[in-house]
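Me: I am new to this structure and should be grateful for a close look at its empty spaces. Please describe the pockets and cavities and what lines them.

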Amino acid sequence: MLEKKQYFAIDFMKFVLAVLLICAHVSSEKLSFPVYIDIWFSLYIIAVPFFFTTSAFFFFKKVTNEDDRSVRLQHYKRYTKRILLMYLMWSLIYTCFIVAHWVQTDSLTLEAFGKHVFYSITYTSYPTIWFLPSLWVAVSLVYFCWERKMKVNSILFVSLLFYAMGWMMYTLPEDRLPFTGICEWYDLIFQSPRNGIFNGFIFAAIGAYIAINYSKIFNKNSKSFITYYVVSTILLGGAVAETLLSKKFINPQVDANFVFLLIPFTYFFVIATAKTELKPSPIYLSCRNLSLLLFLSQRIFLTAIPMLLPVGIVAAISSNPYIGLLIFLGSTFLFSLLIVKLSSRYKFLKVLW
C-alpha cells in the first residue's frame, strides 16, 4: 500500500506556473515588455508539461495501488466524468462570449456555430482549455495500454514516437513536411497536433512511470531532490537552446510547444518537486485550489471580455504594460478566488476546478 502524502511543493509550483503562463500570454498577445522580462516569461513552456505529468502522476498513483481491475475502472470512470464535465462547463462559459461577439458583429450563422461545435469536439472550444480534453485523451491512452499489460517503458517509447510525429507536423515548414496531403487533411479536422495524442501522451506516460516506480524513485536511499533540480536546470537550458536552434535552422515561426528536451526536463523536475518537503500550511491548499482555475479562467479576461469591449478601453488598459499586467492578473485571481469561496455554498461550481 502506497503511503498517503501531501505534495505541497507540487501545489505551490502549479500555482506559480499558472501565474507564469498568464504573464506569458498577456506579454505575447496584449502588452510589450523589455526583453529581460520576456525572457523570464518564456519559461512558461514548462507549465503545460508539468500540469500534464502531475495530473497523470496523481491518477496513476491511485489506480496502480488497486489490485481489483473493476475498482481501477471505477477510478477511471470518475476521472473521465470529472475532466469532461469540467471541459463542458468551461466550453459553455466561453461559448457564451463567442456567441455574444457574433451577435455584436452581426456574424452569427448556423455554419459558424456548427464549426464551433465541431472543433470543440475535435480540438477545443477555446484557446488554453484544449488542455482538458487533451489531458483526458492522454491519460486514457496510458491507462488502456497499461490495463492491457503493456509495460510502462513500452508505453513511453510509443508515446515518444507520437510526440516525434507531432513535432514534425508542428515544427517543420509546410514544404518540408512528409505526407503533406495527410497533414492537410489532419489540420482540416483537428486543427493542431497540440492535443492529447501527439503532445500530452508522453507527459501522461511520464506521470504513470513515476507512479508505477514510486517506491524505487522515492525510497530513502534514492538521490536527493537537489540532484534532480540540478539535472532539470541543465536540461531546461538545453530546451531553450533547442528552441533557438529550431527557430534559426528549421522554422523561424515555430514556438516552444514541441521541444524534445522538455521531456527529460519534466521527468526530473516533477520528481524534484515531489521530493521537496514543505511544512504544512493553509497556503498550499489555496495554491492547489486556485492553480487550475487560474489556468482555465485566464482567457475570460485576456480575450473573451476584451473582444466585447470598445477598442479604446482595451488600448487604455494596455498602454502601461505593468499596470495592464496587474489588471489582467488581478482580475483572473479575484475571479478564481471568488469561485473557490462560492463553491462552499453552491456545490455545482466545484465542477469548474
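Reply: A pocket is an open set of grid points, on a 1 Å grid over the protein atoms alone, with protein on both sides within 12 Å along at least five of seven lines. A cavity, by contrast, is a set of points where a 1.4 Å probe fits but cannot get out. The model discussed here is predicted.

The largest pocket has a volume of about 1,100 Å³. Its lining comprises 30 residues, and those nearest the centre are Ser55, Phe58, Phe59, Lys62 and Arg288. Five helices each supply at least two residues of this lining: α1 (8–29), α3 (47–63), α4 (69–104), α6 (131–147) and α13 (282–304). Among these, α3 provides the largest share, six residues. Sorted by class, the lining of the largest pocket holds 13 nonpolar, 11 charged and six polar residues.

The second largest pocket encloses about 780 Å³ of space. It is lined by 32 residues, of which Ser42, Tyr44, Ile45, Asp255 and Ala256 are the closest to its centre. Helices α1, α2 (35–41), α11 (225–249) and α13 each contribute at least two residues to the lining of this pocket, and the largest share, six residues, belongs to α1. The classes in the lining of the second largest pocket are 18 nonpolar, eight polar and six charged residues.

Attention now turns to the cavities. Across the whole structure, a search finds three cavities of 30 Å³ or more. The largest cavity has a volume of about 80 Å³. Its lining includes Tyr44, Ile45 and Ala256, residues also listed among the closest to the centre of the second largest pocket. Leu21, Val48, Pro49, Phe52 and Arg194 are likewise among the residues that line the largest cavity. Helices α3 and α9 (196–212) each give at least two residues to that lining, with the largest share, three residues, coming from α3. Nine residues of the lining are nonpolar, two are polar and one is charged.

The second largest cavity has a volume of about 40 Å³. The residues that line the second largest cavity include Trp167, Thr171, Glu242, Thr243, Asp255 and Ala256. Two or more residues of this lining come from each of α7 and α11, and α11 supplies the largest share, three residues. The lining of the second largest cavity has five nonpolar, three polar and two charged residues.

Helix α7 merits a further look. Its 20 residues, 152–171, should span 28 Å at 1.5 Å a residue, and its end C-alpha atoms are 28 Å apart, so the two values agree. Trp167 and Thr171, which line the second largest cavity, are buried in α7 along with Val152, Ile155, Leu156, Ser159, Tyr163 and Gly166. These buried residues lie on the same side of α7, because they cover an arc of only 120° around the axis. The elements that cover the buried residues of α7 include α6, α9 and α12 (262–275).

Key:
Residues are numbered from 1 along each chain as its sequence is written. This is a predicted model: local features need pLDDT of at least 70, side-chain atom pairs count only at pLDDT 80 or more; totals for chains, interfaces and linings use all residues. Side-chain values use heavy atoms; hydrogens and water are left out. On a 1 Å grid over the protein atoms alone, a cavity is a set of points where a 1.4 Å probe fits but cannot get out, and a pocket is an open set with protein on both sides within 12 Å along at least five of seven lines; lining residues have an atom within 4 Å of a point. Grid points are joined across faces, edges and corners, and a volume is the space filled by probe spheres set on the points. Helices (H or I, at least four residues) and strands (E, at least two) are DSSP runs, numbered from the N terminus. Ala, Val, Leu, Ile, Met, Phe, Trp, Tyr, Cys and Pro count as nonpolar, Asp, Glu, Lys and Arg as charged, and the others, Gly among them, as polar. The expected span of a helix is 1.5 Å times one less than its number of residues. Buried means under 20% relative accessible area, exposed over 50%, partly exposed in between (1.4 Å probe, protein chains only). The arc is that of the directions from the helix axis to the C-beta atoms. Contact means heavy atoms within 4.5 Å.
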